[in-house]
Amino acid sequence: MCGIVGYVGKKNATPVLMDGLRALEYRGYDSAGIYVAGRGALKRAGKVAVLADSLPDDFEGTLGMAHTRWATHGAPTEQNAHPHSDPTGAVWVVHNGIIENYADLKASFLAEGVTFKSETDTEVLACLIAKAYTDGVLLEDAVSDALAQVRGTYGLVVASSREPEKLVAARASSPVMLGIGDDEYFIASDATPILKHTRDVIYLDDGEIAILTPEGYEVRTHTRTKVEKPVETLEWDVEAAQKKGYEHFMLKEMMEIPEAIENTMRGRLLPGVGTVKLGGLESALPDLLSAKRIMLTGCGSASYAARVGELMIEEFAGLPVEVELGSELRYRRPTMDPKDTVLFAISQSGETLDTIEAIREAKRHGVRVYGVVNVVGSSIARETDAGVYNHAGPEISVASTKAVISQMTVLALIAILLGRANELSQTEGAALIKELERLPDLAREILEKREEIHELAKRYKDTENAFYLGRKFQCPIASEGAIKLKEISYIHAEGYAAGEMKHGPIALIEPSFLSVVLVPEDSMYEKSKSNIQEIRARGGRVLAVTTEGCEDDIRTLADDVIVIPKTHEAFLPILTTIPLQLFAYYVALERGLPIDMPRNLAKSVTVE
Ligand code: G6P
């Protein structure tokens with residue numbers, strides 16, 4: 001949510017920053033701006049391309065910073081775009097996060113006669129820094145003084161006209177990393193703008209401030225204590241974060257699903273002993289395996305993966321599992337007993353603030369927290385006691401595809417691990433692992449049918465309303481299918497437990513209402529078939545997803561049928577998700593929508 005990139009070095013900063021903004025655009029894309037020392041700032045409403053088109057040729061310099069925005073305070077206008085400055089233009093700031101007490105601070109400035117150009121909290125921050133930046137004070141000290149007065153979250157970069165060779169970065173709950181090159185340094189809110197230039201990075205922690213000049217960098221606390229930070233190596237390569245000839249990142253990332261499943265499982269399956277090895281959880285194993293209650297948390301698609309995980313763990317380990325949204329968990333009366341409860345936080349980006357706050361709440365109660373995270377070195381990876389990396393590779397499109405599939409795959413592994421410590425025999429474990437090994441190929445088979453799904457999308461692209469229905473393991477996938485359609489096609493869609501239809505929602509069924517029914521051959525097959533009949537009896541249209549062997553049966557009931565391969569009931573969600581993602585993609589394509597960057601959304605939601 002909002003992207004930041006900064007550069008200090010010998011090169012022309014402008015192309016580095018503009019490239020960085022393009023790489024970061026998936027984090028926010030309603031307006032963008034750039035500041036280059038000696039040239040000042042340029043901002044535009046709209047996509048990064050609009051800013052790029054209006055850049056004068058001589059907008060050059062060797063230090064600068066840029067920002068792509070996802071509006072929180074104030075509409076996505078040029079005035080509200082970052083960078084922001086104090087009225088004199090001495091201090092410039094790009095900022096991710098929210099300054100919670102900005103209204104009070106702004107009121108004091110207004111009382112002093114200061115006028116503001118924007119409605120943002122960030123402009124207030126610029127004024128606060130400028131106020132502390134009196135003669136003889138260094139920029140980093142002014143930043144620390146100003147930040148001592150604010151409440152809220154920030155990842156920010158500050159530049160000043162008085163010290164044009166310096167950038168200052170600071171972090172509180174919103175990610176900031178430094179890229180360490182040869183005589184050049186980068187700052188970014190995630191790795192994507194840095195990858196092209198260097199793999200050596202430093203992750204700032206909350207309460208730290210970094211000072212970068214062409215001569216080097218220093219990280220310290222706000223009380224001016226120097227911090228020695230380890231330089232870590234980024235795993236992802238530049239290629240992985242590019243479209244590789246696909247029209248959209250979303251399509252490319254769906255085509256990578258088989259590989260993502262393979263990479264998620266690589267080196268982790270132990271078929272001989274019917275269990276799995278999760279290196280990241282090794283140190284936590286005794287505690288984890290003695291847990292009597294498992295909690296899972298996450299937001300959006302990650303929360304649906306968690307609900308699949310809940311069923312898997314209950315099925316294989318017989319343990320009670322509770323899933324709670326990250327945005328809700330922290331507000332509940334805590335009933336987690338640290339003696340026997342563990343929490344898994346699931347997040348592709350590792351930066352979702354609601355999930356981070358849920359982790360912090362659990363930790364306040366002494367509960368051990370483990371992460372299921374795709375982005376190495378992300379905040380959740382570092383705030384959890386241990387965890388499992390997805391290894392799904394970078395996911396750029398806002399709608400999660402391969403990452404959510406990888407999350408379910410990790411949860412399947414965790415379920416087997418917990419199962420083997422509880423009810424699951426070695427033979428049963430080995431059979432499950434054998435089935436997991438088949439999944440990449442089965443996913444490939446589904447992806448090969450994408451043109452067939454494209455044809456169906458053409459047929460249904462003008463639908464105004466859709467239900468996604470499923471039972472048991474398919475119930476969370478109904479929600480996942482619906483959120484995909486909503487996110488990128490802007491079609492009203494709801495995921496429902498199929499059995500709940502008759503308790504109210506069925507009143508909505510009429511001939512133009514589409515129901516996508518998940519009816520694979522599983523323990524719910526007959527019951528789900530009855531749901532199709534109920535809908536058809538009321539004139540509704542049905543698109544069914546079923547498994548091989550059932551297609552003839554289902555064709556007699558549904559208007560259209562997508563057929564996928566069979567697997568174990570608990571792993572079917574991993575497969576049924578794929579046609580639903582493809583369907584949403586092709587519907588959005590047919591409607592001519594901006595698939596990778598849908599309106600109002602952002603990939604990484606770092607505000608509560
Ligand atoms: C945003 C994205 C969703 C994603 C959710 C959780 O809302 O648009 O696609 O599922 O965040 O993201 P996370 O990075 O925590 O998995």
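This passage describes strands, helices and salt bridges in a predicted model. In this predicted model, local features require a pLDDT of at least 70 and side-chain atom pairs count only at pLDDT 80 or more, whereas totals for chains, interfaces and linings use all residues. Residues are numbered from 1 along each chain as its sequence is written, and side-chain values use heavy atoms, with hydrogens and water left out.

Helices (H or I, at least four residues) and strands (E, at least two) are DSSP runs numbered from the N terminus. Two strands are taken as paired if DSSP finds at least two bridges between them. Strand 1 spans residues 3-8, and 6 of its 6 residues are buried, so this strand is largely enclosed by the rest of the structure; buried denotes under 20% relative accessible area, exposed over 50%, and partly exposed the range in between (1.4 Å probe, protein chains only). In a regular strand, side chains alternate between the two faces of the sheet. On one side of strand 1, Gly3, Val5 and Tyr7 are buried, and on the other Ile4, Gly6 and Val8 are buried as well. Strand 1 runs antiparallel to strand 4 (residues 63-69), to which 6 bridges join it; Gly3 has Thr68 of strand 4 as its bridge partner. A further 4 bridges connect strand 1 to strand 10 (residues 185-188), again in antiparallel orientation, with Val8 opposite Tyr185.

An open sheet with parallel pairing is formed by 5 strands in the order 18-17-19-20-21. Its edges are strand 18 (321-325) and strand 21 (386-389); each has a single partner strand, so one side of each is left without a neighbour in the sheet. From one strand to the next, the twist averages 20°, where axes are lines fitted to C-alpha atoms (for helices, over the stretch in contact) and angles run from 0 to 180 degrees between N-to-C directions. Strand 17 (residues 293-298) and strand 18 run parallel and are joined by 5 bridges, in which Leu296 is partnered by Val323 of strand 18. Helix 9 (residues 301-317) lies across strands 17, 18 and 19, at about 175° to strand 18; contact here denotes heavy atoms within 4.5 Å. Helix 11 (residues 353-364) lies across strand 17, strand 19 and strand 20 (368-373), and runs at about 165° to strand 19.

A second description concerns an open sheet of 5 strands, also with parallel pairing, in the order 23-22-24-25-26. Strand 23 (492-497) and strand 26 (560-564) stand at its edges with a single partner strand each, so one side of each lacks a neighbour in the sheet. Neighbouring strands of this sheet are turned by 15° against each other on average, direction ignored. Strand 22 (residues 465-470) runs parallel to strand 24 (residues 514-518) and is joined to strand 24 by 4 bridges, Ala466 having Leu514 as its partner. Helix 16 (residues 475-489) packs on the sheet and touches strands 22, 23 and 24; the direction of this helix makes about 175° with that of strand 23.

Helix 7 (residues 257-265) packs against helix 13 (residues 402-421) at an angle of about 30°, with the axes 9 Å apart. Residues of helix 7 in this contact include Ile257, Ala260 and Ile261, and those of helix 13 include Lys402, Ile405 and Leu413. The contact comprises 7 nonpolar, 3 polar and 1 charged residues; Ala, Val, Leu, Ile, Met, Phe, Trp, Tyr, Cys and Pro count as nonpolar, Asp, Glu, Lys and Arg as charged, and the others, Gly among them, as polar.

The structure contains 43 salt bridges, each defined by a side-chain nitrogen of Lys or Arg within 4 Å of a carboxyl oxygen of Asp or Glu. Asp141 and Arg220 form one of these, at 2.4 Å from N to O. This pair links distant parts of the chain, with Asp141 in helix 5 (residues 139-147) and Arg220 in strand 13 (residues 216-221), 79 residues apart; both residues are buried. Glu435 forms a salt bridge with Arg438, the closest N and O atoms being 2.4 Å apart. These two residues lie in helix 14 (residues 426-448), 3 residues apart, about one turn of the helix. Glu435 is buried at 18% relative accessible area, whereas Arg438 is partly exposed at 38%. A network of salt bridges links Arg171, Asp206, Arg330, Glu357, Arg360 and Glu383.
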